[in-house]
Amino acid sequence: MRAEQTSPSLVNEPPYFNSFSSPNRLLMGAGPSQVHPDVLKVMSNITIGHLDPAMLVMMDELKDMLRYIFQTNNSMTFPVSGPGSLGMEACVNNMVEPGDKVLICINGVFGGRMAEVTRRAGAEVVTTEDDWGKPVDPDKVRKAFSEHPDIKHMGFVHAETSTGVLSDAANLCQIAKENKAFIIMDTVTSLAGVPVQVDVWGADAVYSGSQKCLSCPPGLSPVTFSDAAVKHVENRKQPVQSWLLDLSLVSAYWNSDGARTYHHTAPVNSLMGLHEALRRIVEEGLETVWARHRDCQQRMVAGLLELGFEMLVDEEFRLPELLTVFLPPDIEDAPSRTLLLEDHGIEISAGLGQFAGKLWRIGMMGEAAQLENVDKLIGALKTISR
Ligand SMILES: *Cc1c(COP(=O)(O)O)cnc(C)c1O
């Protein structure tokens, strides 16, 4: 017998640890957001096969609920097994072929990431750039299309999480349509926080993330592709570079009407959790969910202004679910965030990119968007600022 089939003497001693147990936290940063105990409870169901008949029923319900939340009838709607960035990779790598000219609108970190992902997909990327804290400027987008009539796809971030800015998706999509370009849209932070209307806007490849306003643990990325996008992917000259993300292959698991077949082993328990999180949103109703985020923001802004914080973003473009705020002189960045976490159990987020060390990002995403949580954070900040 070979050594692998018996027991060779071990070189490393076994490391022994206790089971992990999370500290109590209130997540009011830029994600992950607070997860409802019911979602965690459903995730602790026994694991079943990824092709179990019960699983297939649950997946169909999940897709129906995603269509409601995306406001679409797209049949190609499902969660990619991976974080929001993998949803971004899925949309870009299916839609874009090497050599395509793609316009990416950048007004923060995630627009920059989309440009990089698109370059790596072999595209020729042209960009519009707007100051951080401002929305994507439609005039610059129009100008880019008139300078580059051969642009095939336009990509933009609906809600820029690095800056707390909401761009005018309806208008941007309209411009892309007039120029016959496919639309790739990032709704990671916007979905279920503000209205997202995939069909009304005519967006083609749209991705989101489980851990922002959907209030699920991180690791799943809901996506939806228009019928035109699906046809476009089917007619590609070259196969999608990524085997894992290739729509035409993964749809054998998520989308075939008859026998569904193995593509990759889907994260069964995570999908159960997403099912419950979506169920909670559907039960509350999108309009109510959006209003709850707006109410929280109003209360949070009033409380923060009173404490001397200043808003980065003008009210007109401000995201209800994520505020970006400059600190008053009597509050220090890192030490205060540590105090909030250790003494009050509240997590908020630091600035990203050019705003690192300069501002805070305060999230009221999904389940965290409750007035009592706003009061908790404002109360904690009062003890710190003294
Ligand atoms: C969080 C986020 C992402 C990336 O999601 P991950 O799950 O961290 O990979 C992409 N775009 C936006 C706008 C985000 O807020």
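Of the 13 residues around the ligand, those that come nearest are S85, T161, D186, Q211 and K212. The model is a predicted one, and the distances given below are computed from its atoms.

**The ligand and its shell**

By type, the shell around the ligand is made up of 5 nonpolar, 5 polar and 3 charged residues. Oxygen atoms of the ligand are approached by polar atoms of G84, S85 and K212, as the table sets out.

| Residue | Atom of the residue | Distance to an oxygen atom of the ligand |
|---|---|---|
| G84 | backbone N or O | 2.8 Å |
| S85 | polar side-chain atom | 2.6 Å |
| K212 | polar side-chain atom | 2.7 Å |

On its own, the ligand has 380 Å² of accessible area, and the protein covers 89% of this area. Two helices, α3 (84-95) and α4 (109-120), are the elements that give two or more residues to the shell around the ligand.

**The surroundings of S162**

S162 belongs to the loop that runs between β6 (159-160) and β7 (165-166). Is this serine buried or exposed? Its relative accessible area is 0%, so S162 is buried, the cut-off for that class being under 20%.

The side chain of S162 has polar partners. One is the side chain of E160, with which the side chain of S162 makes a polar contact at 2.7 Å. In addition, a polar atom of the S162 side chain lies 3.0 Å from the backbone nitrogen of V109. When neighbours within four places in sequence are set aside, the residues in contact with S162 are G108, V109, F110, W132, T324, L352, F355 and R361. V109 thus appears both in this list of contacts and as the residue whose backbone nitrogen lies 3.0 Å from the serine side chain.

**Helix α8**

Helix α8 comprises residues 227-234, and its buried residues are A229, V230, H232 and V233. How are these buried residues placed when seen down the axis of α8? They fall within an arc of 160°, and therefore line one face of the helix. The face turned away from this buried side carries D227, K231 and E234, which are exposed.

Several elements cover the buried residues of α8. The strands among them include β2 (76-80), β5 (151-157), β8 (182-186) and β10 (221-225), and the helices include α3 and α9 (247-254). Helix α3 therefore has a part in two of the settings described here: α3 gives two or more residues to the shell around the ligand, and α3 is included in what covers the buried residues of α8.

Technical notes. Residues numbered from 1 in each chain as written. Predicted model: local features only at pLDDT ≥ 70, side-chain atom pairs only at ≥ 80, totals over all residues. Heavy atoms only, no water. Helix = DSSP H or I, 4+ residues; strand = E, 2+ residues; numbered from the N terminus. Buried < 20%, exposed > 50% of the residue type's maximum accessible area, 1.4 Å probe, protein only. Polar contact = N/O pair within 3.5 Å; in protein donor to acceptor, adjacent residues only side chain to side chain. Contact = heavy atoms within 4.5 Å. Near = heavy atom within 4 Å. Areas by Shrake-Rupley, 256 points an atom, 1.4 Å probe, with all protein chains shown as cover. Nonpolar A, V, L, I, M, F, W, Y, C, P; charged D, E, K, R; others polar. Arc of directions from axis to C-beta.
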